[in-house]
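Please open the model in your viewer and keep the selection panel at hand. The tour goes from one selection to the next.

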Number of protein chains: 2
Amino acid sequence: MKPLIDCSVAVVGLGLMGGSLAGALRGRCAEVVGVDRDAAAVAAAIDRGFIDRGTVDTFGSVGEADITVLATPVRTIVRLLGEIGPRMRDGALLMDLGSTKARILEAMAVLPDHVQPLGGHPMCGKEVSGLEAADTALFQGRTFILSPLPRTSPEALDLGASLAYAVGALPLVVDAERQDYLVGTLSHLPYLLACSLVSTADATTSSDPLVWQILAGGFRDTSRVAGSDVTMMLDILLTNRDEISKAARFCVGRLEHLIRLVEAGDEERLRSELSHIRQTRKEMYP
Amino acid sequence: MKPLIDCSVAVVGLGLMGGSLAGALRGRCAEVVGVDRDAAAVAAAIDRGFIDRGTVDTFGSVGEADITVLATPVRTIVRLLGEIGPRMRDGALLMDLGSTKARILEAMAVLPDHVQPLGGHPMCGKEVSGLEAADTALFQGRTFILSPLPRTSPEALDLGASLAYAVGALPLVVDAERQDYLVGTLSHLPYLLACSLVSTADATTSSDPLVWQILAGGFRDTSRVAGSDVTMMLDILLTNRDEISKAARFCVGRLEHLIRLVEAGDEERLRSELSHIRQTRKEMYP
C-alpha cells in the first residue's frame, strides 16, 4: 500500500465529521476529494479550503481513490458499503466514521475481496452538525477507534492509523462488540439521559414563563447532547439497541435507587454513595 | 434603610458562593466582613482581596452588620438563622444564598421582628467548590432569585435587589414554592441524572481499561454536576425532597418510554419525539 502522503482520499459526507476530517487531512495526502449529494455542501467545503476538489458523484469519485472514508449516518454507511465496494480500486482502503461498529462490520465482512475494510470511530462530536460546524482541530488529541476485521491486512490497519495520526488523533484498536458496549454507556446513554431531562422540563416546568430566566448551567451541560443531529442519533440508537437498552435500564435502576434514598431521607447512605460517585467522576476527569 | 453603598455587609461562609459574593461586593458597600469557622479560609479571602476584614466569630460579626448573607449549605443556613437572628441590629437585612427556599423561609418566618429576612438564590454554580474556586465574575448576567416573606418590607426587598445588581446579577422575585418546584427540575434533577450516569459507568464499563481513552465529550458534559460538593447537594436533596422526587420519577418515566421505543425499533415515533426534544433544547439555548 502507498504511504498516506501519496494517497488520494475520498471523504463521503461533508457534515461535521466528514468536513472536519477532510480539512484536517488536506495537505497530508496527495489529494482530498469531497463527496456529498448536496452540491452546496461541496461548494462550501471548497470555499473553506477543506478539499482539493469535490463532486456529487459518489460512485465516480471512489473508483479513483486509494482511501475512501464514509462519514454519513450509520445506516447510510451500511447501504453505501454495498454500493461502493465493487467500484473501488484493487487494494483500496474503505473506512467509516460511524458511532456503532457491529452492523457496519457485518456489512464490511461481505465486501469484495479486493477491498480492504476498516471500521473507524473518532471519539469527538458536538451537539451542532453540518459543514458550518466543521473544525479541522476537531480530532486533536482525541481517541480514534479502529476496528479491523479478520480480513483487514496489517498494512491497511497501519494506513488507517496513519490517517488518524495525520488529523491529530490517537488511534486505538478495539473490536466491534467491545466498542459498541463501551460507547453504549459512555456516549449513547448520555444522549438518552439528556433527552429525558429536556422532555421532563418540557412537560412540566416549561409552562412557567420564569423557566427561561432560571435555567442554570447544570441544566445546560446535562442536556447539551440532546441537541445532537436526530438522523445521526436515530441510526446509532437503532444499530446499537441491545447495548443501549442494557446500559439505560441499568441506569434507570441507579436513578430509582437514588430517588428512594432521597425519599427515605437516608442521609448516611446518600452521603456515602454521592461521595463515591463524586470521587469516581474526579478520577475520570483528573 | 441605608443605601447599599453605606452598608456593612457580613458574608457568612467563604466557599465558592460566599467568597465570590464577598469579592464582587467589595468596594460597592461600606465594608465587606468575611466570616468562616475556618481561619484559613478567612486568611485566604483577605489574601485574594475579597474582604475588608475577616473573623471566625460569626455572632460578633453579625451584630455590627447592616446586611448579613448566609452562604453555607442549606441546613446550616436553617440552623444559623435561629442563632444569628436575635443578635442582629434593629432593621438589619438577613439574606441567604441557598438552593432550596421552602425550609429556609420557614425558619426566616420565626425570626425576631426587628430583623428583615429575604430568601436569595443566585442561579450560578460550578462543580468545583471552596474559596480557591471563587470568582468575582460568578454572578455576572445570572438570575438572582429573591424570595421575600409576607413580613419582608419593600425597602428590604429593594436593598436585596441592589445587592444582586451590585454583583452583576439580575434579581427576579419568585415565591419559595415556585422556586423549589422549578429548580427541582432545572437544577437538582440534572444532579441525580449525572450521578446515575457516573454510577452506571462505574458499575459496568469502568472495569474495561479502555474506558479512560474512550470517555467522550458527551459523557463529560452530561456527568459534570456529579462532581458537585456532596454536603451542599445532600442538604439540597433533603430539603427539596418532594419536588425532586416528583421530577425524578417523571424523568424515569420519560427515559423508560425512550428505551421502549429504542427496543421496539419504532423509528417513526423516535424520530418525531427526538426532533421535538432537539427543538425544545434549541429554544432553551438559542
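Which residue of chain A comes closest to the rotation axis? Select T222(A): its C-alpha lies at 2.0 Å from the axis, and no residue of chain A comes closer. Keep in mind that this is a predicted model.

**Stop 1: the axis.** Show chains A and B together. A turn of 180° with a shift of 0.0 Å along the axis lays chain A on chain B, with an RMSD of 0.0 Å. The two copies are thus related as by a two-fold rotation axis.

**Stop 2: the interface.** Select the contacts between the chains. There are 79 residues on chain A in contact with 79 residues of chain B. On the chain A side, the elements giving two or more residues are α7 (176-203), α8 (211-214), α9 (217-223), α10 (230-239), α11 (241-264) and α12 (267-284). Highlight α7(A) next: its 19 residues are the largest share of that side. Now colour the chain A side by residue class. You get 45 nonpolar, 19 polar and 15 charged residues. Then compare the two chains. The copies meet through the same surface, because 100% of the interface residues of chain A are also interface residues in chain B.

**Stop 3: the two domains.** Hide chain B. Select 4-174 of chain A for domain 1 and 179-284 for domain 2. Their C-alpha centres lie 31 Å apart. Their contact takes 14 residues from domain 1 of chain A and 15 from domain 2 of chain A. On the domain 1 side, pick out α4 (74-84), α5 (102-109) and β7 (143-148) of chain A; each supplies at least two residues. That side of domain 1 divides into five nonpolar, five polar and four charged residues.

**Stop 4: the whole chain.** Switch chain A to cartoon. Its secondary structure comes to 12 helices and eight strands. Along its principal axes, the C-alpha trace of chain A spans about 65 × 40 × 35 Å. How does the radius of gyration of chain A compare with that of a compact globule? Chain A has 21 Å, which agrees with the value near 19 Å for a compact globule of 286 residues. Buried residues make up 55% of chain A. Look at the contacts within chain A between residues at least 6 apart in sequence: 70% of them join residues at least 24 apart.

**Stop 5: confidence.** Colour chain A by pLDDT. The average is 95, and 100% of the residues score at least 70. For the complex, the predictor gives an ipTM of 0.92 and a pTM of 0.92.

Methods: Residues are numbered from 1 along each chain as its sequence is written. Chains are lettered from A and ligands numbered from 1 in the order in which they are written. This is a predicted model: local features need pLDDT of at least 70, side-chain atom pairs count only at pLDDT 80 or more; totals for chains, interfaces and linings use all residues. Two residues are in contact if their C-beta atoms, placed from the backbone, lie within 7 Å. Helices (H or I, at least four residues) and strands (E, at least two) are DSSP runs, numbered from the N terminus. Ala, Val, Leu, Ile, Met, Phe, Trp, Tyr, Cys and Pro count as nonpolar, Asp, Glu, Lys and Arg as charged, and the others, Gly among them, as polar. Copies are superposed by least squares on the C-alpha atoms of residues with pLDDT of at least 70 in both. Domain bounds come from an automatic or database domain assignment. pLDDT is the predictor's confidence in each residue, from 0 to 100. The radius of gyration is taken over C-alpha atoms; the globule rule is 2.2 Å times the number of residues to the power 0.38. A residue is buried if 20 or more other C-beta atoms lie within 10 Å of its own, exposed if 12 or fewer, and partly exposed in between; C-beta atoms are placed from the backbone.
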